[in-house]
Amino acid sequence: MKVLMFGWEFPPVNSGGLGTACYGLTKGLSRKNIEVTLVLPDYPEDLKAEFVKIISSNNIKLKKISTILMPYMSSSNYSQTINKRNARIYGNTLFHEINRYAEAAKKIAMEEEFDIIHCHDWMTFKAGINAKAIKKKPLVVHVHATEFDRTGGNGVNDHVYHVEKEGMENADAVIAVSNYTKNTITRHYGISPEKIRVVHNAVEFEHKIDDKSKIKKINKVVLFLGRITLQKGPDYFVYAAKKVLQHEKNARFVIAGNGDMEPFIIEKAAEMGIADKVLFAGFLQGEDLERAYKMADVYVMPSVSEPFGITPLEAMSNNVPVIISRQSGVSEVIRHCLLVDFWDIDDISSKIISVLRYMPLKESLSENGFGEVKKFNWDIPAQKCVEVYNEVLAA
Amino acid sequence: MVSICFYFQVHQPFRLRKYSIFDIGSSNDYFDDEKNRQVMQKVAKKCYLPANKAVLDLINETDGKFRVSYSITGMALEQFGLYAPEVLDSFKQLAKTKCIEFLDETYHHSLSFLYSKEEFKEQVKMHNRAIKNLFSFSPKIFRNTELIYNNELANFVEKLGYKGILAEGADHILQWKSPNFIYKPKTAKNIKLLLKNYRLSDDIAFRFSEKSWKEFPLTAPKFASWVNAINGNGNVANLFMDYETFGEHQWEDKGIFSFLRHLPHEILKHPDNDFLTLSEAISRYKAVGELDVHNLISWADVERDLSAWLGNKMQQEAIKEIYMMETAVKNSKDNELLDKWRKLQISDHFYYMCTKWFNDGDVHKYFNPYDSPYESFIAFMNIINDMKMRVNADLKTSSMVQ
């Protein structure tokens, strides 16, 4: 079976879980001898070698379209980025860029041989629709996040919403990364639940750092890792930090990631008088990412709305206990964790302190969590995708 | 001759509330009164009241031939008093028939035998007193929490004056022997050992509503025929189970009460069958041999061991913390504190922390008031820390007074 896949970010050029999921899924598919032609926006020259190496010489072909599309980019920060780069080869607005990407997809669709089209999130949906129109092949759209998750339901961009809806309506099947996301799709986009298949993500963490003792620390480390945006609840993290510090003076709070709320969070920490206890690590990748996990005593994901959430799985695979938002897809598939409501600062801070204080709790969560996460690998979601392909091809 | 010995376990824990780390030092309100009331009243309606009614009717219908033994924990007795006094009344009514025997156990349904013999003795005494006061009955048979048992326990309990003790008829201790006889614990003098026939007991307690079971549906004549088959190769059929089997674990609409109401009549159709309380059984039948149980066994799960309560680090830490406080709590002379400390020994608290079956999300979750074993450990440890502060404060005050 040959799959024409439209993605937009891929490690190491990724800003979030979408790239990680795309990477894992294509790798899983290739192990099932599914031939994937992956269409991606262009990447800086110096990074190409690395990601080709990651893909290795298996069944995945890479196609590039020159664009600077970033999945989590809003229209306003797109124009900021454009100024920094060579604007000559890029379009002037984000939506113009999407249309250009979709146009290029037509040409690729004509040239390529494939049985099915698989698109990842809204920016690729138009491309998928175009490819379907040209080759009359079935279209599967994979929803990793919706506009409702990104905005927390406030200030939903109408244009994005319509692109998402159009994609889902034109698709022969919609893949949702969780039941949580399936509900969002049926409730806000009016898609029939019969058309939606839930395929939970997985994790395959390649541990590069062996020697744990290399990381020496005096303080207990509480880790937040994700984009510093409304969706991820970094504000709840710092409010909880304040409360924890009243009881655990030795705790340090590391925020790894970047995003539009970063200045606000920095100011907030200063205002609460805990600026010296909240450390900003920036966006981490590869070994740095792994080091951040290995340093942590507990990982917290206080997301307001998390379609899936791969980072807790990564933390667990590094033996780190996790405290995660109930408003997440990942909470449907893991049990060796502590669940919280993102707005419940008392509960979040109480659980952070408990993990820092009660060693048997920390050890049990870490050991059982590691055991649990070992069962996850990308062959499972890949297999489920193959089943979806077979289903739509038979229909 | 086969004597059927029914023994029903009656227990409800005092469940803890979600006691937060921020409550430490500011609240000694540890128990979820609302939840405890709800559960007690629900189980009273679904199980205790209708089951007691059925047992009373059966005793009357059979002119006292139907006989039953009960072990009711102090925790259940207290909660009957608080939330369902009519249940207590119905047990008193049963006691008056003289066809009922009450057993002793630790008042707090605790694992104290494993951690403090002194505390164990006190709790057994408390239970004995409670049964005497409520039912004017002096128990002579002992059952330990969750049928946890070994030689050492049998010796200890014998010294406390008991004539009989209960254990699981686990395959690995019986080997070729049958649970359908009375035994003597290897190291004890006279105390007799009654073993649960787990196959027959579990047919009712666990498999009754199980559609995939090849014997489904279980009818009273069918079960009676299995009991009859013991004739000639056994003296007793020890049917030991949680009383909540009737109406709570197995539902009324699946026919469990109708089964209960028919079974004694079916069994009594065979002229060689009768019903006995456990004391009657050990006075009628001699011990046929000795049983050597060195390692602890219980009636739980396939393992028949203690891993459901003490299998992981959290459980071990939590229980260790409790018994480390024993001297301080007792020295404080603070009765309210002592009562709370003892209620923290209820074995259910440790059971909720079990991670053994957590992956499969099986039946155990049904009995767990917490979202996860981790949550139950957190609440428990927070409470322990609060209690530690209070004990220390008490001790300081009392030393200042002196």
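# A walk through chains A and B

Chain A contains 15 helices and 13 strands. The model is a predicted one. Of the 395 residues in chain A, 57% are buried. Among contacts in this chain between residues at least 6 apart in sequence, 70% link residues that are at least 24 apart.

Helix α1 of chain A covers residues 17–31. From its first C-alpha to its last, this 15-residue helix reaches 21 Å, close to the 21 Å expected at 1.5 Å a residue. Most of α1(A) is covered, with eleven of its 15 residues buried. These buried residues are L18(A), G19(A), A21(A), C22(A), Y23(A), G24(A), L25(A), T26(A), G28(A), L29(A) and S30(A). After the helix comes N33(A), which has a positive phi, near 60°.

A positive phi also occurs at D121(A), a residue other than glycine, where the value is near 65°. D121(A) sits in the loop that runs between β4 (116–120) and α5 (125–135) of chain A. Buried means under 20% relative accessible area, and D121(A), at 3%, is therefore buried.

Further along chain A, two helices pack against each other. Two packed helices are described by the angle between their axes and the distance between the axes. For α9 (residues 234–247) and α13 (residues 345–357) of chain A, the axes come within 9 Å and cross at roughly 50°. The two helices α9(A) and α13(A) are therefore oblique to each other, and their crossing is right-handed. On the α9(A) side, the contact involves Y236(A), Y239(A), A240(A), K243(A), V244(A) and H247(A). These meet I345(A), D346(A), I348(A), S349(A), I352(A), I353(A) and R357(A) in α13(A). By character, the residues of this contact comprise eight nonpolar, two polar and three charged.

In chain B, helix α2 spans residues 74–83. Seven of its ten residues are buried, so α2(B) is largely enclosed by the rest of the structure. The buried residues are G74(B), M75(B), A76(B), L77(B), Q79(B), F80(B) and Y83(B). What do they pack against? Their partners in chain B are the strands β1 (2–10) and β2 (68–72), together with the helices α1 (33–61), α3 (85–96), α5 (117–135) and α15 (335–343).

Several loops of chain B can be taken in turn. The loop between α8 (198–205) and α9 (220–228) of chain B holds P217(B). F216(B) and P217(B) are joined by a cis peptide bond, with omega about -5°.

The loop between β10 (287–291) and α12 (307–310) of chain B includes L306(B). With a relative accessibility of 11%, L306(B) counts as buried. Leaving aside neighbours within four places in sequence, L306(B) makes contact with L114(B), I148(B), L296(B), I297(B), S298(B) and G311(B). F6(B) lies 300 residues from L306(B) along the chain, and the C-alpha atoms of these two residues are separated by 24 Å.

The last loop to consider lies between α14 (326–331) and α15 of chain B, and K333(B) is found there. K333(B) is not a glycine, yet its phi is positive, at about 55°. Is K333(B) buried or exposed? Exposed means over 50% relative accessible area, and K333(B), at 69%, is therefore exposed. The helix α15 that bounds this loop is one of the elements against which the buried residues of α2(B) pack.

How values were computed:
Residues are numbered from 1 along each chain as its sequence is written. Chains are lettered from A and ligands numbered from 1 in the order in which they are written. This is a predicted model: local features need pLDDT of at least 70, side-chain atom pairs count only at pLDDT 80 or more; totals for chains, interfaces and linings use all residues. Side-chain values use heavy atoms; hydrogens and water are left out. Buried means under 20% relative accessible area, exposed over 50%, partly exposed in between (1.4 Å probe, protein chains only). Helices (H or I, at least four residues) and strands (E, at least two) are DSSP runs, numbered from the N terminus. Contact means heavy atoms within 4.5 Å. The expected span of a helix is 1.5 Å times one less than its number of residues. Axes are lines fitted to C-alpha atoms, for helices over the stretch in contact, and angles run from 0 to 180 degrees between N-to-C directions. Angles under 35 degrees count as roughly parallel, over 145 as roughly antiparallel, 65 to 115 as roughly perpendicular and the rest as oblique. A crossing is left-handed if the near helix is turned anticlockwise from the far one by less than a right angle, and right-handed if clockwise. Ala, Val, Leu, Ile, Met, Phe, Trp, Tyr, Cys and Pro count as nonpolar, Asp, Glu, Lys and Arg as charged, and the others, Gly among them, as polar.
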